[in-house]
Amino acid sequence: MASAELTVVSPPGTTRAAGDGPPPRRPRRSGGARRRWSGLVWVAPALLAMGAFVYYPLLLNFRYSVQKTNIFTGQQRFVGLDNYIRLAGDPIFWRALTNNVWYAVLSIVFQVFFALVLAALIEDMRSPRMRAVLRSVYFLPSAISLTVTGLLFTFIYQPSGGLLNGLLDGAGLDAAQQSWLGNPHTAIFGIIAMSQWQGFGYSTLLFAVAIQRIPRELYESATLDGAGPARRLFSLTVPMVREMTGVVMIVTISGAFQVFNEVMVMTAGGPNNSSQVLGTWLYEAGFIRNDFGYAAAIATVIFTVTTVLAVLQIVHTSRRRVA
Amino acid sequence: MNTRLKVFAGLGALTVVLAGCGSGGNAGQAQDAAPSGDLAKVDYTGDVSVITKYAGENSAFFQKMATDYEAAHPGVHVKLQQESDQGYKDKIKTLVASQSLPDVYFSWAGNYAEQFYDNGVALDLSSQIGAGTPWASTMAPSAVQAFTKEGKTYGVPISLDAKYMVYNKKLFSDAGVQVPTDLAGLLSDCDALKAKGTTAMAFGNKDGWPAIHYITQLNSYEVPADTLDKDYSPATATFDDPGYEKSLTDFKQILDRCTKSGSGANGVDYYSERDSFGQSKAAMFYVENLEFATMVPKGSKAESDGWGLFRLPAPTGAAGDTGSLTGAPDGFLVNPKAKNPALAVDFLKFVTNADNAKVITETIGYPSPVQGGLTEQNSSLQLRDSIDDLNKASRLSIWLDTVTAPEVAQAYLSGVEGLVSGDTSPTDVISSVKAASKQAQ
């Protein structure tokens with residue numbers, strides 16, 4: 001608590017005539033500097049760790065992407081942009097990038113649009129208990145490890161004895177039965193579908209939290225004005241959760257370009273490279289073909305894409321932030 | 001985890017591997033892996049580090065070996081790491097790049113092992129297990145040969161693995177079919193079995209390599225051996241022989257006429273198909289002999305039906321070596337930078353002595369390359385038959401995914417997956433293999 005004496009201290013400059021020489025050092029500045037230095041001491045370990053384990057490897061990766069490396073002998077040779085030129089002419093790289101784009105587009109549809117609609121429906125329910133139960137039910141898949149989910153869906157997609165083909169058979173849709181992960185035309189979509197099942201509930205939960213922050217009076221007013229559920233969704237809920245929508249969208253897209261686990265578990269990029277994504281193609285280049293310079297170039301592409309999206313996220317959030 | 005942190009973490013993993021490569025120069029190991037001192041004079045003190053790919057159900061053998069070796073030599077500590085098959089493939093690259101290879105490490109035969117030897121990270125063991133040495137004389141010659149290059153032996157075989165078609169005797173008998181002697185006979189057997197309502201052959205290719213094992217054998221039948229040797233080495237490869245496309249066509253016929261999974265096989269798990277043979281739900285399965293015990297466990301239906309084995313039949317008039325057999329030993333290499341290389345070699349001698357040759361079969365069912373390792377007490381009749389047959393093979397054809405350069409192996413793996421699903425033709429596959437081989441040069 002400030003004492004009465006502190007309130008009568010004259011502001012700096014008002015008690016000092018011009019030409020009195022340099023201003024005396026203020027005790028407060030000295031204290032501030034000490035605090036700043038002590039603050040730096042506290043954050044220094046974290047900064048050092050980030051520098052050593054995040055930023056330094058990042059810089060090294062750029063260097064490696066312009067080198068050809070023999071991991072057995074340790075020899076590294078500068079090759080300029082050769083790895084990037086090869087990347088540009090590699091059809092599997094473009095297929096992987098296309099698959100990542102598919103991942104992003106479908107994730108936006110399911111994990112942003114449908115998740116928002118579902119969250120609005122849940123939060124519109126009268127029973128608080130039912131709302132809590134449904135939020136938990138939809139969130140539950142997100143709590144399961146991706147590897148476990150991948151294995152689970154591998155069984156679901158089994159061509160013979162798999163749950164999906166069994167359901168199609170039961171519904172009389174025999175012709176639609178597939179070797180879902182064995183068919184180059186359906187493999188990546190089978191993986192994306194699994195990913196949506198897994199991530200859908202998490203986005204729904206985030207939207208539900210955002211919707212809970214909207215004053216209920218606005219909904220009551222809209223209802224009194226004759227707005228139906230659809231009108232309330234698009235004219236009230238959607239604008240009011242715009243900030244959360246932006247964040248979820250950017251996070252979803254960034255995640256879509258870093259996908260790895262589920263593809264490795266379910267198809268390892270096959271069959272015939274049809275389900276490769278940038279992460280798995282990087283892995284194959286580095287850890288199977290020993291082409292680490294090329295793998296580093298792919299890593300640079302992933303980093304560039306996700307950094308651009310991260311910057312968009314920061315800009316978007318700062319513009320939309322409510323004071 | 002935060003999005004950016006995920007990216008950084010991924011880049012970090014890659015960088016950890018590369019950071020070990022040193023900085024822009026010649027920080028690597030010497031190319032010449034000459035013997036380090038006298039390997040016969042063993043100092044039984046200190047540590048010997050060992051890494052295997054036998055984690056899980058196959059870990060018991062090396063655990064016992066480590067314990068027994070320490071008991072026999074109280075001054076020695078065996079630092080044993082056991083990884084899964086895939087985990088090993090990832091880890092060994094990191095260990096090599098960071099120059100942290102254990103003293104003794106696993107390797108498949110073929111190009112996979114040669115890349116270690118060629119780059120000076122595998123010790124020349126010719127003085128110990130080369131041709132004419134007492135240690136080599138205890139082993140099947142083909143097993144030692146698989147780890148020999150240009151007269152120098154650099155690996156110690158640990159198990160003897162070969163691929164056989166196993167068949168259910170009752171299902172064959174019910175369908176009135178005989179063990180085929182050529183590819184046409186196999187296909188007609190499949191037709192007869194299918195007509196009887198039996199799944200002729202179980203096949204799952206989710207991992208890609210099961211189909212590659214067929215192609216390994218069929219290439220060996222359809223392409224002359226000299227041509228194969230030339231083409232599997234990227235420096236001299238052309239892949240111009242018409243036999244390569246023929247072998248792919250042969251495989252497609254087997255796939256279409258014998259298997260139930262057919263064009264959907266890429267989505268089918270190999271191991272569940274293997275189990276279906278043990279449950280007598282399929283009449284045939286193409287399998288490695290070291291899987292026999294797992295495939296037909298005691299009390300299984302296939303065991304009561306009776307089962308036997310034969311080699312994948314060769315096409316009539318094939319231009320290659322029809323006496324060849326797909327298979328290769330798994331083995332271990334020694335790091336030239338081991339602190340006590342003689343101790344590392346001695347550990348491998350211990351693991352492959354006559355007594356432990358029996359123990360590997362008793363504990364994990366693997367046939368040892370050491371002669372006399374299989375007995376009536378520790379192995380099935382089928383396993384002993386397979387080893388007898390293996391010893392008659394004119395040549396061991398090493399797995400296609402380890403005998404050649406990784407780029408070529410990957411082109412084969414993905415190309416054959418496309419062939420299975422019906423999206424690529426044999427000509428397309430060979431075109432991509434040629435392109436990969438050119439790149440590997």
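The largest cavity in this predicted model is lined by A:Leu181, A:Met266, A:Thr267, A:Gly270, A:Pro271, B:Asn205, B:Lys206, B:Asn266, B:Gly267 and B:Glu417. Residues of chain A and of chain B thus both appear in the lining. The volume of this cavity is about 60 Å³. Classified by residue type, the lining comprises three nonpolar, five polar and two charged residues.

In total, two cavities of 30 Å³ or more were found in the structure. The second largest has a volume of about 30 Å³, and its lining consists of B:Lys163, B:Phe203, B:Gly204, B:Pro210, B:Tyr214, B:Tyr270, B:Phe285 and B:Tyr286. Two elements of chain B, helix 10 (209–222) and strand 8 (282–288), each give two or more residues to this lining. Six nonpolar residues, one polar residue and one charged residue make up the lining of the second largest cavity.

Strand pairing was examined for strand 10 of chain B, which covers residues 324–334. This strand is mostly covered, with eleven of its eleven residues buried. Strand 3 (residues 104–108) of chain B runs antiparallel to strand 10 and is joined to it by five bridges; within this pairing, B:Val104 lies opposite B:Val334. Strand 6 (residues 156–168) of chain B is also antiparallel to strand 10, with six bridges between the two. Here B:Asp161 has B:Ala328 of strand 10 as its bridge partner. A parallel arrangement is found for strand 11 (residues 395–397) of chain B, to which strand 10 is connected by three bridges. In that pairing, B:Leu325 is bridged to B:Leu396 of strand 11.

Helix 3 of chain B comprises 13 residues, 85–97. Because a rise of 1.5 Å a residue is expected, the helix should span 18 Å, and the distance of 19 Å between its end C-alpha atoms agrees with this value. Buried positions in helix 3 are B:Tyr88, B:Ile92, B:Lys93, B:Leu95, B:Val96 and B:Ala97. A lysine, B:Lys93, is therefore among the buried residues of the helix, where buried denotes under 20% relative accessible area. Just after the helix, B:Gln99 adopts a positive phi of about 50 degrees.

How values were computed
Residues are numbered from 1 along each chain as its sequence is written. Chains are lettered from A and ligands numbered from 1 in the order in which they are written. This is a predicted model: local features need pLDDT of at least 70, side-chain atom pairs count only at pLDDT 80 or more; totals for chains, interfaces and linings use all residues. Side-chain values use heavy atoms; hydrogens and water are left out. Helices (H or I, at least four residues) and strands (E, at least two) are DSSP runs, numbered from the N terminus. The expected span of a helix is 1.5 Å times one less than its number of residues. Buried means under 20% relative accessible area, exposed over 50%, partly exposed in between (1.4 Å probe, protein chains only). On a 1 Å grid over the protein atoms alone, a cavity is a set of points where a 1.4 Å probe fits but cannot get out, and a pocket is an open set with protein on both sides within 12 Å along at least five of seven lines; lining residues have an atom within 4 Å of a point. Grid points are joined across faces, edges and corners, and a volume is the space filled by probe spheres set on the points. Ala, Val, Leu, Ile, Met, Phe, Trp, Tyr, Cys and Pro count as nonpolar, Asp, Glu, Lys and Arg as charged, and the others, Gly among them, as polar. Two strands pair if DSSP finds at least two bridges between them.
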